[in-house]
Structures are given as C-alpha cells and as structure tokens.
Amino acid sequence: MIPIKDREAISRMRESCAIAATVLHRLRALVQPGISTFDLDQAGRDLISSYGARSADYGYEIGSRRFPAYTCLSVNEEVVHGIGSLKRILHDGDIISLDVTVEANGYIGDNAITVPVGAIDPQVARLLQTTEEALQLGIRQAQVGHRIGDISHAIQTFVETRGFGVVRDLVGHGVGRTMHEEPQIPNFGRRGKGEEIKPGMTLAIEPMVNLGTYRVKTLADGWTVVTADGLPSAHFEHTVLTAEKGPEILTIARLVSPSTSATSSTTSLSQTTTKSV
Ligand code: MF3
Ligand code: CO
Ligand code: CO
C-alpha cells in the first residue's frame, strides 16, 4: 500500500523537506577545493541539528549494518551512499553528490544534488545538466492519474538519448514517516506500467546517471556504490507531493530560522539564489 498523506502529514512533510533543502543549499556553499568530505559531513550534521532536525541517514540500517555518517557524500565515480572521510579531499575538476535526508516532527525530507568543484570537464558538466533535467522531466510526470512507469520512462529515454547510462540497481521511493516507503520508483521502465499516482503521495524521485555504462558495484565498506567502469556519476533528487493540481516540489530551500545557533557556518541563505532542480 502506498501511504496517502492527510493535511497534517503534508504540513509536516513541508517542514522536513524545507529543512532538508535548506541544509543542502548551505552545504553546497561549502564545497570547494581543499575541503575533506569528513568536514562537509560534520557541517551537514551541525546544520541539520541547527534546524531542530535529525539526520535520517545516521544509523540507518540495511541488514546488520548501520550508516556511520550524517549525509551521503559521493565523489566522482561514487554514485551514492559515500561516507565522509578525512582522506577524501576535494580537488579542482571533481564533482560531488550531496544527499541530505532529515527527519523533523516524525516526517522525512530527502534531496540531493551533484555539484562541480572548481572547473570541470565539459562532458561531465553535460552529465550534471542531463541528470538535473531528467529529474525535472520525471517530476513533470508525477501527475494524479499517471503511473509510476511514466516517471521511469521519461527519465530513461531522456538520459539514454543523451548517451549516458541510467543506474538500475537503485531506485527512487515513497517517503514519509520512514525514508523508504512504497512505491519503488525506478529510473527506467515503461510508460503506463506500475502503480497509479493518487493525490497526497510524497515521492522521492532521484535519477542516478553514469557517464559510461549503467553498471555499479558496492565497495567493501558495505555502503559506497561506485560505477563499475570508474567513470563519474551524477545524482539529483527531490521530494515531490502529488497534489490534485499537479506535482509540487517540497524540497525547496526557504528561510527557516535555526532553533539554535549551533552552526558556525557564515553562509547566508537567499531564496533567490537557490537553484530549483
Ligand atoms: N538519501 C538516500 C536516498 O535517497 C538514502 C540514504 S541511505 C543511507 O534514498 F544509508 F545512506 F543513509
Ligand atoms: Co536521498
Ligand atoms: Co531518496
């Protein structure tokens, strides 16, 4: 059963998603050559707590493993679920995927972007643009009366037309009281297939796109998913409400005043500079 959110749940989802988006926006501002992914993760932890939320990643269980970091930070060939490390220093020409998932008032918001570090190869820039656009095309299909396969199909055809590989082993998902709810939202599939979209669903749509083949593998740490061919990968994600009047992106950064001044970040938040993906 796909959970349908009532007014109260939707209002809580708005709050958790706004926090997730605001944290992501502020984390992005810290990306620069020389910073380690450990330091970015610590900044993510502090930002999340400054908004009175908690990381939904930290301690997240798959089997007997618990995720050891507060955000997912995946560099270059890392697709998703990268763990911040003091040894991973960002260099000019890298890309990094930032995936922020928070819980506030019992509901979860989930969003991700991939950003360049300094100047990047034009082919890689095209990979980022394509993935971001694929997300937009997928969101556009999240209409009441459509089916999940319409989202999958729109993403896959666009990405493959551009000559990139769409990851198949990982999928988007419903999101709400828990991070991963029904339905699964693959980034490949057939139009008209899958569950019907009804009003009040909250869906995390998240294409993961590889420069080379779609094949991925998981590193020995049990979490980090990397491309099989070692080429770069991009990831963009939004949490979307399927409203009667059309899809509404919930993970939009807005001015949310921190409940404490726990963060030392001096980044200023401006609504207008937020890139809506
Ligand atoms: N944020 C991820 C998603 O988009 C899931 C993170 S799982 C964790 O679904 F274990 F890495 F935290
Ligand atoms: Co995510
Ligand atoms: Co997700």
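**Note on a predicted model with two cobalt ions**

At 0% relative accessibility, Glu 237 counts as buried. This is a predicted model, and the points below start from that residue and work outwards.

1. **What holds the cobalt ion (ligand 2).** Which residues give protein donors to the cobalt ion (ligand 2)? They are Asp 99, Asp 110 and Glu 237. Asp 99 appears twice in the donor list, each time with an OD atom. Asp 110 also uses an OD atom, and Glu 237 an OE atom. These donors lie 2.0 to 2.4 Å from the ion.

2. **Geometry and spacing at ligand 2.** The site has six donor atoms, and the angles among them run from 57 to 172°. The site of this cobalt ion is irregular. Along the sequence, its donor residues follow the pattern D-x10-D-x126-E. Asp 99 sits in strand β6 (residues 95–104), while Glu 237 sits in the loop between β15 (233–235) and β16 (238–243), so the pair ties together parts that are 138 residues apart in sequence.

3. **Is Asp 99 buried or exposed?** Asp 99 counts as buried, because its relative accessibility is 9% and the cut-off for buried is under 20%.

4. **What holds the cobalt ion (ligand 3).** The protein donors here are Asp 110 (OD), His 173 (NE2), Glu 206 (OE) and Glu 237 (OE). They lie 2.0 to 2.2 Å from the ion. This site is irregular too, with angles of 51 to 171° among its six donor atoms. The spacing along the chain is D-x62-H-x32-E-x30-E. Two of these donors come from loops: Glu 206 from the one between β11 (201–205) and β12 (208–210), and Glu 237 from the one between β15 and β16. The two residues are 31 residues apart and link distant parts of the chain. Both Glu 206 and Glu 237 are buried.

5. **How the two ions relate.** How far apart are the cobalt ion (ligand 2) and the cobalt ion (ligand 3)? They are 3.3 Å apart. Asp 110 coordinates both. Glu 237 is listed as a donor to ligand 2, and it is listed as a donor to ligand 3 as well.

6. **Ligand 1.** This ligand is surrounded by 14 residues. The closest are Asp 99, Thr 101, Asp 110, His 180 and Glu 206. Look at the polar atoms next. A nitrogen atom of ligand 1 is 2.9 Å from an N or O atom in the side chain of Thr 101. An oxygen atom of the ligand is 3.1 Å from an N or O atom in the side chain of Asp 110. For the side chain of Glu 237, an oxygen atom of ligand 1 is again 3.1 Å from an N or O atom. Metal donors therefore turn up here too: Asp 110 and Glu 237 are donors to ligand 2.

7. **The hairpin after Glu 237.** Strand β16 pairs with strand β17 (residues 246–249). The pairing is antiparallel and runs over four bridges. The two strands form a hairpin, with two residues between them. Within this pairing, Thr 242 stands opposite Pro 247 in β17.

8. **A buried salt bridge.** How many salt bridges does a search of the whole structure find? The search finds 11. One of them joins Glu 181 and Lys 5, whose closest N and O atoms are 2.9 Å apart. Glu 181 lies in strand β10 (residues 181–185) and Lys 5 in the segment before α1 (7–28), so the pair ties together parts that are 176 residues apart in sequence. Both partners are buried: Glu 181 has 15% relative accessibility, and Lys 5 has a relative accessible area of 8%.

9. **A salt bridge from α1 to the segment after β17.** Glu 15 and Arg 254 meet through their side chains at 3.6 Å, N to O. Glu 15 lies in helix α1 and Arg 254 in the segment after β17, so this pair ties together parts that are 239 residues apart in sequence. Glu 15 is partly exposed, at 27%. Arg 254 is partly exposed as well, at 32%.

10. **Arg 162, Glu 133 and a network.** The side chains of Arg 162 and Glu 133 form a salt bridge of 3.5 Å, N to O. Arg 162 is in the loop between α4 (148–161) and β8 (165–166), and Glu 133 is in helix α3 (residues 122–140). They are 29 residues apart. Arg 162 is partly exposed at 26%, and so is Glu 133 at 35%. Elsewhere, salt bridges that share partners join Glu 77, Glu 78 and Arg 88 into one network.

Definitions and conventions:
Residues are numbered from 1 along each chain as its sequence is written. Chains are lettered from A and ligands numbered from 1 in the order in which they are written. This is a predicted model: local features need pLDDT of at least 70, side-chain atom pairs count only at pLDDT 80 or more; totals for chains, interfaces and linings use all residues. Side-chain values use heavy atoms; hydrogens and water are left out. Donors are N, O and S atoms within 2.8 Å of the metal (3.2 Å for Na, K and Ca); water is not among the atoms, so sites may look incomplete. Four donors count as tetrahedral if all angles lie between 85 and 135 degrees; four count as square planar and six as octahedral if opposite donors are over 155 degrees apart and all others between 65 and 115; anything else is irregular. Buried means under 20% relative accessible area, exposed over 50%, partly exposed in between (1.4 Å probe, protein chains only). Two strands pair if DSSP finds at least two bridges between them. A salt bridge is a side-chain nitrogen of Lys or Arg within 4 Å of a carboxyl oxygen of Asp or Glu. A residue is near a molecule or strand if one of its heavy atoms lies within 4 Å of it. A polar contact is a pair of N or O atoms within 3.5 Å; within protein, one must be able to donate a hydrogen and the other to accept it, and residues adjacent in sequence count only if both atoms are side-chain atoms.
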